[in-house]
There are 2 protein chains.
Amino acid sequence: MNNIFIIGVGLIGGSFALDIKKLYPQSNVFGIDKNETHLDEAINLKVIDKKANFEDLKLADIVIVAIPVDATLTVLPKVLDYVSDNAIVFDAGSTKEDICLKVKNHPKRRNYLAAHPIAGTEYSGPKAAIHNLYKNKTNIICEVEETAFKLQEKALKLFAELGMRIRYMNPKAHDKHIAYVSHLSHISSFMLGKTVIEKEKNERDIFDMAGSGFESTVRLAKSSPAMWTPIFEQNKTNVIETLDEYINNLKHFKKLMEDGDFEAVYNEMETTNHIKDILNGIQ
Amino acid sequence: MNNIFIIGVGLIGGSFALDIKKLYPQSNVFGIDKNETHLDEAINLKVIDKKANFEDLKLADIVIVAIPVDATLTVLPKVLDYVSDNAIVFDAGSTKEDICLKVKNHPKRRNYLAAHPIAGTEYSGPKAAIHNLYKNKTNIICEVEETAFKLQEKALKLFAELGMRIRYMNPKAHDKHIAYVSHLSHISSFMLGKTVIEKEKNERDIFDMAGSGFESTVRLAKSSPAMWTPIFEQNKTNVIETLDEYINNLKHFKKLMEDGDFEAVYNEMETTNHIKDILNGIQ
């Protein structure tokens, strides 16, 4: 655990960097980013120790790829080209199928672990990096059997030290289910924000009327479009399916209201109240 | 500020009771509720001092009506029948037009102040009552000119002591705008919860994949159907309008995805990101 490389020094990569440096104060944490300003910021904020190039990856013990998922498709194979046989490379992308497919036949496939830590905030960039982001969070690992056993072990040890719980899943199932429990939430939130902003654009005072409930439902509309656009693109089929079902449920609710069937409106909400028990399982 | 009557000893009424008792330890806080269990709970939790009947309202200095908005339509006129000329009665309902209309010609109309404190949590009942719920929150007052000046003053003094900021609005504008910044959020959240539960009912493990983003967007789906059904019923026209716009925005987003126009998808999100600045104004 000597040389750690963070590719993409934003919220996700930067938060890994901060915790790893705390766990291993002797380690060198290198940053690679196409955004020079972010690299300088990350150094000033002591998120990373120094900048590096792809050529330096030959020194890496661990490489964390934390960039938008479209960029991962081109960067990950390149990273694998450079690393030594002893390096473990993992990503943190919110889609897994296309990424796993992309490196399926790469000669260094066994150096890669497909990961999706379910952690984040609505903020982005090096300034958004925080300690303990991953504590008590789920990390979904896909195709674990495709990763060299010793390198799996190295990554799992780090995840345990960061306080994460591990769930194993195949990439197809990951992308399908994450569309429901994460991608759809982001769209519902963005479109809620859009609906209210459009309506209220000439009445700035109106937002004084908004409370914590509104804030909670539109929080995700602060998320980075640069990160989310490629996620929706890669997971297009699944996301469209969730949107269809969501829109149908909203139309049905509206129909019940139009019909004046408020007993059914009550039942819709009461049935969904059971989300309480489900959420109790979420940190 | 001697005798305070709380009608409906749940989250909203109970939280008023707790703060008022703290501000005025010598006051008597009476509770009226059709749910006897809630009254007993409220006494045990020291949310109220004792139970009371409508006949006792003649002793009241302040009456707070904090019950579902359909019940308010029948209870509020009855309360006004009983109170003395020196009592100020205010409600906390999330709709204002029907309620104001209902008491428009009541002989004691000037004892009533139409209020909507924008505060709450997704929990309900006396157990949900908390201190400082109203601190730094907005309280929307409608038709202030219909309330006796001295009684306005009494209520406004209390709201100031509770730390609330006041906004004045007519009932029609209140109901229209609150549909956007509050009622729609609740439906979007309930339907998001429904969509995910329906899909994932046979795969309980899947909720391990849900993170804080999902939790934030479905938080309001824990809300009380008994409170929300009559709100949607009273504000039917406005809520249906917001639902139409929300559904259209979602359909448009889906269409952009189907067309593969991810540049437009990016722009949709980037434009809405400006919600950040708006939310900075919300506590």
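Let me begin with a pair of helices from opposite chains: α10(A) and α6(B) lie oblique to each other, because their axes cross at roughly 60°. Before I go further, please keep in mind that this is a predicted model.

So, what does that pair look like in detail? Helix α10 of chain A covers residues 262-272 and helix α6 of chain B covers residues 171-200, and their axes come within 9 Å. The crossing of α10(A) past α6(B) is left-handed. If you want to find the spot on the screen, look on the α10(A) side for E268(A), M269(A) and T272(A). On the α6(B) side, pick out F190(B), G193(B), K194(B) and I197(B). By class, this contact holds 3 nonpolar, 2 polar and 2 charged residues.

Now let's step back to the two chains. How many degrees of rotation does it take to superpose chain A on chain B? The answer is 180°, with 0.0 Å of shift along the axis and an RMSD of 0.0 Å. The two copies are thus related as by a two-fold rotation axis. If you would like a landmark for that axis, go to T217(A): in chain A, its C-alpha is the nearest to the axis, at 2.2 Å. Both copies use the same surface, with 100% of the contact residues of chain A recurring in chain B.

Next, the contact between the chains as a whole. Chain A brings 77 residues to it, and chain B brings 78 residues. Which elements of chain A take part, with at least two residues each? They are the strand β7 (138-142) and the helices α6 (171-200), α7 (212-218), α8 (225-234), α9 (236-258), α10 and α11 (275-279). Of these, α6(A) supplies the largest share of the side of chain A that touches chain B, with 21 residues. Sorted by class, that side of chain A has 40 nonpolar, 20 polar and 17 charged residues.

Let me stay with the contact between the chains and turn to helix α9. Here α9(A) meets α9(B), residues 236-258 of chain B, with axes that come within 10 Å and cross at roughly 160°. The two α9 helices are therefore roughly antiparallel to each other, and their crossing is left-handed. From α9(A), the contact includes K236(A), V239(A), I240(A), L243(A) and Y246(A). From α9(B), residues in the contact include I247(B), L250(B), K251(B), K254(B), M257(B) and E258(B). The class count for this α9 pair is 14 nonpolar, no polar and 8 charged residues.

Within chain B, α9(B) also has a neighbour in its own chain. It packs against helix α10 (residues 262-272) of chain B at an angle of about 150°, and the axes are 8 Å apart. That angle makes α9(B) roughly antiparallel to α10(B). This crossing is left-handed as well. The residues that touch are F253(B), L256(B) and M257(B) from α9(B), along with A264(B), V265(B) and E268(B) from α10(B). By class, that is 5 nonpolar, no polar and 1 charged.

Last topic: the sheet. In chain A, 8 strands form an open sheet with mixed pairing, in the order β3-β2-β1-β4-β5-β6-β7-β8. Why is one side of β3 (50-51) and of β8 (165-169) in chain A left without a neighbour in the sheet? Those two strands stand at the edges and have a single partner strand each, so one side stays unpaired. Inside the sheet, strands β5 (residues 88-91) and β6 (residues 112-117) of chain A pair in the parallel sense over 2 bridges. To see the register, find V89(A), which stands opposite Y112(A) in β6(A). Helix α5 (residues 149-161) of chain A lies across β5, β6, β7 and β8 of that chain, and runs at about 55° to β5(A).

Chain B has an open sheet too, of 8 strands with mixed pairing. Its edge strands are β3 (50-51) and β8 (165-169) of chain B, each pairing on one side only. Helix α1 (residues 11-23) of chain B packs on this sheet, where it touches β1 (3-7), β2 (28-32) and β4 (62-65), with a direction at about 165° to that of β1(B). Elsewhere in that sheet, F90(B) stands opposite L113(B) in β6(B).

That's my tour, and thanks for listening!

Key: Residues are numbered from 1 along each chain as its sequence is written. Chains are lettered from A and ligands numbered from 1 in the order in which they are written. This is a predicted model: local features need pLDDT of at least 70, side-chain atom pairs count only at pLDDT 80 or more; totals for chains, interfaces and linings use all residues. Axes are lines fitted to C-alpha atoms, for helices over the stretch in contact, and angles run from 0 to 180 degrees between N-to-C directions. Helices (H or I, at least four residues) and strands (E, at least two) are DSSP runs, numbered from the N terminus. Angles under 35 degrees count as roughly parallel, over 145 as roughly antiparallel, 65 to 115 as roughly perpendicular and the rest as oblique. A crossing is left-handed if the near helix is turned anticlockwise from the far one by less than a right angle, and right-handed if clockwise. Two residues are in contact if their C-beta atoms, placed from the backbone, lie within 7 Å. Ala, Val, Leu, Ile, Met, Phe, Trp, Tyr, Cys and Pro count as nonpolar, Asp, Glu, Lys and Arg as charged, and the others, Gly among them, as polar. Copies are superposed by least squares on the C-alpha atoms of residues with pLDDT of at least 70 in both. Two strands pair if DSSP finds at least two bridges between them.
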